[in-house]
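Q: I have a structure open and would like to learn how to read it. Where do we start?

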Amino acid sequence: MYDVIIIGSGPAGISAALYLKRAKKNVLILSQGKSALEKAEKIENYYGIISISGKELYKIGIKQAERLQIPIEQDEVTNISYENHFIVTTVNREYEASYVILATGTNRIAPNIKGIREFEGKGVSYCAICDAFFYRGKDVAVIGNGNYALHEAKQLKPVVKSVTILTDGKEMVQNRDASDFAIDEEPIREFRGNSVIEEVEFVNNKKKKIDGVFVAIGTASSTDLARKIGAVVKNNTIVVNENMETTVKGLYACGDCTGGLLQVNKAVYEGAKAALSISGAKA
Ligand SMILES: Cc1cc2nc3c(=O)[nH]c(=O)nc-3n(C[C@H](O)[C@H](O)[C@H](O)COP(=O)(O)OP(=O)(O)OC[C@H]3O[C@@H](n4cnc5c(N)ncnc54)[C@H](O)[C@@H]3O)c2cc1C
C-alpha cells in the first residue's frame, strides 16, 4: 500500500510528488494522456525561465521526479473508491493508498453534439456509478471509444436493460471486454427528446431510442473521478479547502482541476500545498 497516490504527472502532480518524496512518503504517480502543458507552444511567463516549449518543460518535470526515484506508472485511472483506505482502479489493476491527490488537469469538454448540453441532468450524465440507479431497466448509451467508456458501460450493465457504446465515428479501443457490448461506430448528428432525452439520430439518418446517455470520452477527468467518490464539484471544478483537501477526507486536488488561474505557477503552488498538508507541515 502506498502512502500517497498522485493521479497526473503535469506541474501539479510532479510538484506534489517532489515535496512528498522529500518528506519520506511512499508515493506513486499514475499518469495517462496529455498534460495541458504539452499543447503550450511556448511558456515565457514562469519565473526564471525565459522561454521554453510546454513539451520540454513537461519532460523536465518527469526527469526531476525520476531523479528522486519517484515511480511513474503509465496507467489510466478509471475509478477511485474507499474501503478503510483508497482503492485506485486503473485499466490494468488496482492500487491502494492512504491518501490520493487528483492532479489530472482541467475537465474534459463535453462533446460538441447537439442535445448534450441541453439535456444535462435530463438524461445526460457524466458518472455511471452516481446515476446508474436512475436508469434501472432502461436503455442507455455511453459516448466514447476508449477504456474509460468501457469502464462506465461495465458499471451500468448490471443495472440497466441495455447499454450501447456510441463511438461517434471513431474506432473502438482494442479490448476483449468490448465484445460484451453493442457498439455503434456511426457518427452522431444529435440527441432529441421533449423534456428528457428520447433518441439519438446518426448522420446516416438512422435513429435509436435511448433513455439516457453517459459521456465518457477520452480518459476520466479529475471531476469525473471526484464525483465517483462523492467529492463536491461546482461549476466543473473540484471544491477544496485551504489545504487543497476535497470534501472527502484524505482526497486532495490541485492544479487546473480546482479552477481559478489555469497557469503552471498556480498548479505548482497547489501541488506543494497538498503535499505539505498531507505530510503534516501545513503551508
Ligand atoms: C495552449 C496552452 C498554452 C498554455 N500556456 C501557458 C503559459 O504560457 N504559461 C502558463 O503558466 N500556463 C500555460 N498553460 C496552462 C498550463 O499548461 C496548465 O495550467 C498546467 O499544465 C496545469 O497543470 P496540471 O498539473 O494541473 O494539469 P496538466 O498539466 O494538464 O496535467 C494533467 C495530468 O493528468 C494526467 N491524467 C489525466 N487524466 C488521467 C487519468 N484518468 N488517469 C491517469 N492520468 C490522467 C495527464 O496524463 C497529465 O499527466 C497553457 C495551456 C494550454 C492548453
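**Reading the model feature by feature**

A: We start with one residue: Gly137 lies in the loop between helix 3 (128-131) and strand 8 (139-143). Keep in mind that this is a predicted model.

Q: Is Gly137 buried or exposed?
A: The general idea is to count neighbours: 12 or fewer other C-beta atoms within 10 Å make a residue exposed, and 20 or more make a residue buried. Gly137 counts as exposed because it has 9 C-beta neighbours inside 10 Å.

Q: Which residues does Gly137 touch, leaving aside those up to four places away in sequence?
A: Gly137 touches Val160 and Lys161. As for Val213, 76 residues along the chain from Gly137, the C-alpha atoms of the two are separated by 14 Å.

Q: How many helices and strands does the protein chain have?
A: There are 6 helices and 17 strands in the protein chain.

Q: How do strands of a sheet pair?
A: Strands pair through backbone hydrogen bonds, and the pairing is either parallel or antiparallel. This structure offers a case of each sense, starting with the parallel one.

Q: What is the order of the strands in the parallel sheet?
A: The order is 7-14-8-9-10, in an open sheet of 5 strands. Strand 7 (124-125) and strand 10 are the edge strands, and each pairs on one side only. Strand 8 pairs with strand 14 (residues 212-215) in the parallel sense over 4 bridges. In that pairing Val142 stands opposite Phe214 in strand 14.

Q: Which strands form the antiparallel sheet, and in what order?
A: The 3 strands of this open sheet come in the order 11-12-13, with antiparallel pairing. Strand 11 (188-193) and strand 13 (207-209) each have a single partner strand, so one side of each is left without a neighbour in the sheet. From one strand to the next, the twist averages 20 degrees. Strand 11 and strand 12 (residues 197-202) pair over 5 bridges in the antiparallel sense. Gly193 is found opposite Ile197 in strand 12.

Q: What sign does phi have in most residues other than glycine?
A: Most residues other than glycine have a negative phi. Asp168 has a positive phi of about 55 degrees although it is not a glycine. Asp168 sits in the loop between strand 9 (162-166) and strand 10 (182-184). With 18 other C-beta atoms within 10 Å, Asp168 is partly exposed.

A second case is Asn235, which also is not a glycine and has a positive phi near 50 degrees. Asn235 lies in the loop between strand 15 (233-234) and strand 16 (237-238). Asn235 is exposed, with 8 other C-beta atoms within 10 Å.

Q: Which residues come nearest to the ligand?
A: Of the 34 residues around the ligand, Gly8, Gly10, Ser35, Gly105 and Gly255 come nearest. The shell divides into 15 nonpolar, 16 polar and 3 charged residues. Helix 1 (11-22), strand 2 (27-31) and helix 6 (264-278) each supply at least two residues of the shell.

Q: What does the radius of gyration say about the protein chain?
A: The idea is to compare the value with that of a compact globule. For 283 residues such a globule would have a radius of gyration near 19 Å, and the protein chain has 20 Å, which agrees. The C-alpha trace spans about 55 × 45 × 35 Å along its principal axes.

Q: What percentage of the residues count as buried?
A: Of the 283 residues of the protein chain, 43% count as buried. Among contacts with a separation of 6 or more, 59% are between residues 24 or more positions apart.

How values were computed: Residues numbered from 1 in each chain as written. Predicted model: local features only at pLDDT ≥ 70, side-chain atom pairs only at ≥ 80, totals over all residues. Pairing = 2+ DSSP bridges. Axes fitted to C-alpha atoms, helices over the stretch in contact; angles between N-to-C directions. Near = placed C-beta within 6 Å. Nonpolar A, V, L, I, M, F, W, Y, C, P; charged D, E, K, R; others polar. Rg over C-alpha atoms; globule rule 2.2 N^0.38 Å. Contact = placed C-beta atoms within 7 Å.
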